[in-house]
Amino acid sequence: MNLGYSGRSAVVTGGTSGIGLATARILLAEGAKVAICGRDLARLEAATQALLADAAPENLLAVPCDVLNRDAVAAFAASVSDWSGGRLDLLVNNAGQGRVSTFASTTDDDWRQELDLKFFSQILPIRAFRPLLDASTAPAIVGVNSLLAAQPEAHMVCTSAARAGVQSLLKSLATEFAPHIRVNAILLGLVDSGQWQRRFEARPDQAQSRADWIAALAKTKGIPLGRLGEPDEAARAVVFLGSPAASYITGAALEVSGGVSRFI
Ligand code: NDP
């Protein structure tokens, strides 16, 4: 199957690590021009060098940008416009991270920060890049979301609530932006990336190996496929949903979780 990325352009927010970096790499391999952003300059530079190992410099744009900073997002969109000739075919809203906290341990400020991160990491890039998407013949937005949107966890209470709200937002946009811009989401289970590396490093039993820690995690979580997902496995779903090959799919939520959901 030809995904149809040749000659197209894509933006991946949070494209410097984990799922975002894997998405950028696959999009480049599929023939797209790709712009990435992230906040940490060293991570941005490392991701740039890693991606340039297999891509031509003119096909990659790397810009420091905090997606929660409206002015920075506007400047990122202006750079992308100059680089891509005023057009964007795919926006992948991937930047972010989860928050582990129960209702009792979540302060009002924590709630505000989490709702801000989850909603505005979608809203600000969508507003800023909409004119460029409008100029495309087959534009798409993919929101990287979590299975927590549909299956909340008490130990991630505010993330779960925010994720459900983001799902509602994306569903509404799929209608408002139709028929021109397709809007879809992926619902992730546990994907072995920067977030899980940080949690591994903070594990209570520092003697536990990474393989043992992951195996125990997969068992505790009851993942039918018996392991965490790889960033590439999530990225391939993003790349498909964002491609012209998915031309009749909008308003969809694709679960990438190793089968961990308990609803039908
Ligand atoms: P990583 O920590 O590996 O990557 C996160 C990326 O987002 C980094 O490039 C980071 O760069 C960037 N980022 C974070 N905040 C911002 C910001 N405000 N502005 C710009 N860039 C930002 O995590 P994952 O690859 O695992 O996560 C990707 C997405 O998938 C996230 O939204 C996450 O919440 C979601 N997700 C992941 C799951 C998993 O199991 N891995 C499960 C469910 C959802 P920098 O810090 O330098 O800005």
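**Two pockets between two domains**

The second largest pocket has a lining of 13 residues, and those nearest its centre are Arg227, Gly229, Glu233, Ser257 and Gly258. Here a pocket is an open set of points on a 1 Å grid over the protein atoms alone, where a 1.4 Å probe fits, with protein on both sides within 12 Å along at least five of seven lines; lining residues have an atom within 4 Å of a point. The model is a predicted one, in which local features need pLDDT of at least 70 and side-chain atom pairs count only at pLDDT 80 or more, while totals for chains, interfaces and linings use all residues. Residues are numbered from 1 along each chain as its sequence is written, and side-chain values use heavy atoms, with hydrogens and water left out.

The second largest pocket holds about 150 Å³ of space, a volume being the space filled by probe spheres set on the points, which are joined across faces, edges and corners. Its lining comprises 7 nonpolar, 3 polar and 3 charged residues; Ala, Val, Leu, Ile, Met, Phe, Trp, Tyr, Cys and Pro count as nonpolar, Asp, Glu, Lys and Arg as charged, and the others, Gly among them, as polar. Because domain 1 (9-191 + 230-255) and domain 2 (192-228) both contribute to this lining, the second largest pocket lies between them.

We turn next to the largest pocket, with about 1200 Å³ of space. Its lining counts 49 residues, of which Gly96, Gln97, Gly98, Arg163 and Gln195 are the closest to the centre. Elements giving two or more residues to this lining include helix H4 (108-134), helix H5 (157-176) and helix H6 (194-201); helices (H or I, at least four residues) and strands (E, at least two) are DSSP runs, numbered from the N terminus. H6 gives the most, with 5 residues. By class, the lining of the largest pocket has 17 nonpolar, 22 polar and 10 charged residues. The largest pocket also lies between domain 1 and domain 2, because both give residues to its lining.

The domain bounds themselves come from an automatic or database domain assignment. The C-alpha centres of the two domains are 25 Å apart, and 13 residues of domain 1 are in contact (heavy atoms within 4.5 Å) with 12 residues of domain 2.

Finally, a word on the loop between H5 and strand E6 (182-188), where Pro179 is found. The peptide bond from Ala178 to Pro179 is cis, with omega near 0°.
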